[in-house]
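Let's take a friendly walk through a structure, one question at a time. Have a look at it before reading on.

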Amino acid sequence: RFYVRGHFPVPEVDVARWGLRVEGAVTHPLTVPYEELRAMPARSLAVTLECAGNSRSFLSPPVAGVPWGMGAIGTAEWTGVPLTAVLARAGLAPDVVDVVFEGADYGEAMTPPMPNGPIHFARSLPLRKALSPDVLLAYQMNGAELSPDHGFPLRLIVPGWYGMACIKWLHRIVVLEQPFQGYFQSVDYAIWERQHGIPTRVPLGEMTIKAQIARPYCGEALPVGRPYRVFGAAWAGESEVQQVEVSTDNGQSWSDARLLGEPIPYSWRLWEHEWRPTQTGRHTLMARATGTQGRTQPLSHLLDRENYVINHVLPVPVEVR
Ligand SMILES: Nc1nc2c(c(=O)[nH]1)N[C@H]1C(S)=C(S)[C@@H](COP(=O)(O)O)O[C@H]1N2
Ligand SMILES: [Mo]
């Protein structure tokens, strides 16, 4: 039940002939065969991936892009080789700033301005993130081999970042001494951010704090006078969810939800809240998360973000009978 998103047809990869190429500003360009990668020391991490366009269908007027509801998010345990181990074998040049990851999939870009002819799906990480020991070259998902849909034989896992950073069908890493300006982080998967008031195009990166209500679902009918378990998840990118609040009166009053389990870095935190509706009719539920440094969710979508980073508080209407 993990969402699947891809821009181009799923490439067919023959692992016997496949290898991970590492080139650019490195002292030893190399190709790592699949079996060699599998023999390297591995790590497993539970990581939440959210598509940067998740919740898009709640925006009005409608915006371009896949009209996701609340389902373009999932959490899995990913197993693979830390990216740093492969970068260390290649040896980084002294002035590296960006590391580019390219998938084997390709096709025509969708939105102008766009290059002429087919392109591969490719994105970069700034050196700071690329050197994090938590960025993985993953070959397993929940203990099973990656499926073709999820990137077989190898995908990047970038904990705390939106899904688009986790390049599937990874076949090439290019190390750069200047910032990468590829299509999927300048035209697409980029937003405007004001720097000293000047709108600046910046590539999407870290996930923004957000809570979602899983139950009740939009329009669900609930029995009056009986306890109902409002239930959902909250996540905060590279930092931690500290509090989730629930409103059952369209945002007029809020109460603390109970955070379940222990915090796991880069993973969503599940939460619950018991509600006993006393009045029949239409009610509007909301949830909002607060993280470290008081980071919380806006009440409406920030327009500079266009069709991405949709983390405003989402109303869930229900009918109490
Ligand atoms: N090679 C490649 N990697 C890709 C994509 C793609 O189209 N091609 N889509 C990205 C996007 S937008 C998302 S949200 C995630 C989705 O990962 P999933 O399909 O495993 O859920 O993969 C990312 N990695
Ligand atoms: Mo995405």
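What follows is a set of questions and answers about the ligand, the sheets and a few backbone spots.

This is a predicted model, where local features need pLDDT of at least 70, side-chain atom pairs count only at pLDDT 80 or more, and totals for chains, interfaces and linings use all residues. Residues are numbered from 1 along each chain as its sequence is written, chains are lettered from A and ligands numbered from 1 in the order in which they are written, and side-chain values use heavy atoms, with hydrogens and water left out.

Q: Where does ligand 1 sit?
A: Picture a 1 Å grid over the protein atoms alone: a cavity is a set of points where a 1.4 Å probe fits but cannot get out. A molecule sits in one if more than half of its atoms lie within 2 Å of its grid points. For ligand 1, that place is the largest cavity.

Q: Which residues come nearest to ligand 1?
A: A residue counts as near if one of its heavy atoms lies within 4 Å. There are 19 residues around ligand 1, and the nearest are Tyr3, Asp105, His150, Arg155 and Lys168.

Q: Which protein atom lies 3.1 Å from a nitrogen atom of ligand 1?
A: We're after polar contacts here, meaning pairs of N or O atoms within 3.5 Å. Oxygen atoms of ligand 1 lie 2.6 Å from a polar side-chain atom of His150 and 2.6 Å from a side-chain N or O atom of Lys168. The nitrogen atom has its 3.1 Å partner in a polar backbone atom of Cys166.

Q: How much of the accessible area of ligand 1 does the protein cover?
A: Accessible areas come from the Shrake-Rupley method with a 1.4 Å probe. On its own, ligand 1 has 530 Å² of such area. The share covered by the protein is 100%.

Q: Which strands stand at the edges of the five-strand open sheet, and why is one side of each left without a neighbour?
A: Strands are DSSP runs (E, at least two residues), numbered from the N terminus, and two of them pair if DSSP finds at least two bridges between them. The sheet runs E14-E21-E20-E16-E17 with mixed pairing. Each edge strand has a single partner strand, so one side stays free of a neighbour in the sheet; the edges are E14 (221-222) and E17 (255-256).

Q: Which residue in E20 is the bridge partner of Glu245?
A: E16 (residues 241-247) and E20 (residues 281-291) pair in the antiparallel sense over six bridges. In E20, Glu245 is partnered by Arg288.

Q: Which residue follows Arg215 across a cis peptide bond?
A: Most peptide bonds are trans. The bond after Arg215 is cis, with omega about 0°. The residue on its other side is found in the loop between E13 and E14, and it is Pro216.

Conventions:
Polar contact = N/O pair within 3.5 Å; in protein donor to acceptor, adjacent residues only side chain to side chain. 1 Å grid on protein atoms, 1.4 Å probe; cavity = no way out; pocket = protein on both sides within 12 Å on 5 of 7 lines; lining within 4 Å. Helix = DSSP H or I, 4+ residues; strand = E, 2+ residues; numbered from the N terminus.
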